[in-house]
Protein chains: 2
Amino acid sequence: MFAEIITIGDEILIGQIIDSNSAFIGKELNKIGVDVYQITSISDDKQHILTALDEAKKRADIVIITGGLGPTKDDVTKHTICEYFDDTLVQNEKVLKHIEALFAKYISTPISDINRQQSLVPSKSTVLMNLYGTAPGMWIESENTVFISMPGVPYEMKGLMKNEVLPRLQKRFDRPYIIHKTVLTYGLGESAIAERIEDWEDSLPSFIKLAYLPNLGKVRLRLSARGNDKNLLEETLENRIEELHHIIGDIIIGYEEDETIEKRIGNLLVRNGETLSVAESCTGGKLAQSFTANAGASKYFKGGVVTYATQSKIDILNIEADIIDTYSVTSFEVAEAMALAVKEKFKSDYGVSTTGNAGPDKGDGNVEAGTVFIAIATPKRVFSKKYEFGKGRERVIGKSMNKALELLLEDLKEISKIV
Amino acid sequence: MFAEIITIGDEILIGQIIDSNSAFIGKELNKIGVDVYQITSISDDKQHILTALDEAKKRADIVIITGGLGPTKDDVTKHTICEYFDDTLVQNEKVLKHIEALFAKYISTPISDINRQQSLVPSKSTVLMNLYGTAPGMWIESENTVFISMPGVPYEMKGLMKNEVLPRLQKRFDRPYIIHKTVLTYGLGESAIAERIEDWEDSLPSFIKLAYLPNLGKVRLRLSARGNDKNLLEETLENRIEELHHIIGDIIIGYEEDETIEKRIGNLLVRNGETLSVAESCTGGKLAQSFTANAGASKYFKGGVVTYATQSKIDILNIEADIIDTYSVTSFEVAEAMALAVKEKFKSDYGVSTTGNAGPDKGDGNVEAGTVFIAIATPKRVFSKKYEFGKGRERVIGKSMNKALELLLEDLKEISKIV
């Protein structure tokens, strides 16, 4: 059984926004065993939408549409759906009350007719209540194809998917089992891993698919097993991952689908009753953010400093000016001094620091763009490493963060083995 | 003249990665006056690729393909293109040398045959050198349609677009002028702005298109003028934006396409010879990152502290425990104390602070999820505001950051008026 996703909006085609909705929808459908055959992004144009609906209907059992529902979109999708299904718009009182309530609670500007018109829906559609916004979702069935329309605002669409669309799809269609296992690795590139696990990969049964997901120095391996015998699927996956662990266990971080290095670090720290703080220069807050983005970070993350200017390293972290003058602000010595200083200031068990040049030009430290020093201070020792991350400011910052996380995890894993 | 973008990769359809490439390509094509008619994401399947190429060819003069070129992809795109154009693969020495050089310089793992095979290209293709990776780009013309294939790795694709694809397309096709002007606003929602500028919008000539781009409290307006009389376009745009300024000048931040609140703040601070530091609790480093993500931030951004744990607010910023006990850690009083303290510690002219509960649960401060206090300390005064950002941790953090930036900009604009 196939689904297709149609995202509507000129802003996607001219690249003003990135279509992150399709990825979310694809991932969620995939989890309930629905294959996405194609994702099509088209303009806010009625004829183009009609054509896309027709073509998708030929190929798919489920057609999910996002976008074109905002007040400034003139609700083009809603009107086009009406035309496509030869339907008319009727006012939905429940939606209208919801819109009025939302404005009363969250929106400072007064409610307008444009907003009220969003409570008009096609008479043949089942309304999917949008808890987070004013544009309702719609579900229409036609000749065994289910059409679902949702607003394009990501958090509104996500709410609709979880609360309305997925439960209804699971009720509506009888699906084979699909089970995913994700293996997060670190330290090795895609092709290096591919070579190490080549034989294992070739020996996988046809009902198990392997996918690689590389991202700035981290590679995620995803195994998807599909079939009607749930026990067989689970057993086979378990055995295969056991095999994989024997081959590349040294570079495996974890096995949860939403596993991240920072979460793994958090879990290890919480288990050990230890805490962390960070001192950032070139990563400029991104390292702290990687931890604080997760709920519950306060259990182990005490905080950090972004000592961006050289002087602030002296003023805030009390790094001795001599060290900076002697070794330069981007050096092993300064990185280690920063890690030790932040660990002490925040009274944490671990301290992590970054100092380097994210580019594009030479920084205070007068090192090449892409040169970064990372230091880890642990309860037992402090150590630092130097990296050349090449070009691209955003990329250098991202790689610096990932590498800092890797080094910290390495050390925590050592400890855990001992414990 | 139309272009179509085809992104290849199962990982896109199952939502393992977000297709950010299409947005970049669409934006760049749009700038040189090429309309993207459709973006299609398909699987790593030969037949699906062949069908997509055929359909795109019917509708477009330019077909841009990304993905399916990685070593672990078995270079499916390359082999399919060979089949589509009835061509064969030949080794390209220049590409081979480049691959070997890249491995020697950046990659710790030894070069493999899989990597060397990436220097095989279709004989009818013009090779587009990929400076940042091992998979080359390819350009093939057939019956007046240009087919361009690039690897899916974003920074490799971006390099190829800028260095090879865009210059070649501009040479190959004679295009009408297209001129964009972007107006970044803040503080008002999409529909509220739409109502304020309704008459102005209705009066726009047909050769000017207006697009709205809302994002967590900020709305970007983009005017696109297209035609053959460059002067007329520029003049009309200028006049129209002048008109717009009279209508909503109070909420306009700037007029550059890549304008952001943080850049605008940076420019104002540099112009005034002033500096900034930030004290973050609930935004957890995101505010600092918004500044340090831009090259040259060191000219005005001294740094910041992420005092995530309550105790760290006392230890690092020396906030009096009494204030926290009396008013709670999430309060106007603590927010203002944080802003003043960080300003003093970093010896900066401005200090910005955030403290609140990003959710999902109640935090130390025992306020509802979504409740956030933001304070701004300036050379003259300190002030703070309270917000209710509703649900969604990521969203609350993002809105907190944007609102903090807005408040700071407000104050800087006041100053600038006086100056």
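Two strands count as paired here if DSSP finds at least two bridges between them. With that in hand, take strand β15 of chain B, residues 350-356, and strand β16 of chain B, residues 371-377: they pair in the antiparallel sense over 6 bridges. One of the residue pairs is B:Gly351, whose bridge partner in β16(B) is B:Ala377. I should say now that this is a predicted model.

Next, the helices on that part of the structure. Helix α15 of chain B, residues 332-345, packs on the sheet and touches β13, β14, β15, β16 and β17 of chain B. The direction of α15 makes about 145 degrees with that of β15(B). Helix α13 of chain B, residues 310-317, also packs on the sheet. Its contacts are β13, β14 and β15 of chain B, together with β14 of chain A. The angle between the directions of α13 and β14(B) is about 140 degrees.

Now the whole sheet. It is open, it has 10 strands, and the pairing is mixed. The order is β17(A)-β16(A)-β15(A)-β13(A)-β14(A)-β14(B)-β13(B)-β15(B)-β16(B)-β17(B). Which strands stand at the edges? They are β17 of chain A and β17 of chain B, residues 382-388 in each; each has a single partner strand, so one side of each has no neighbour in the sheet. From one strand to the next, the twist averages 10 degrees.

Last, the two chains. Chain A superposes on chain B by a rotation of 180 degrees with 0.0 Å of shift along the axis, at an RMSD of 0.1 Å. That is the relation of a two-fold axis. Both copies use the same surface, and 100% of the contact residues of chain A recur in chain B.

Methods: Residues are numbered from 1 along each chain as its sequence is written. Chains are lettered from A and ligands numbered from 1 in the order in which they are written. This is a predicted model: local features need pLDDT of at least 70, side-chain atom pairs count only at pLDDT 80 or more; totals for chains, interfaces and linings use all residues. Side-chain values use heavy atoms; hydrogens and water are left out. Helices (H or I, at least four residues) and strands (E, at least two) are DSSP runs, numbered from the N terminus. Axes are lines fitted to C-alpha atoms, for helices over the stretch in contact, and angles run from 0 to 180 degrees between N-to-C directions. Contact means heavy atoms within 4.5 Å. Copies are superposed by least squares on the C-alpha atoms of residues with pLDDT of at least 70 in both.
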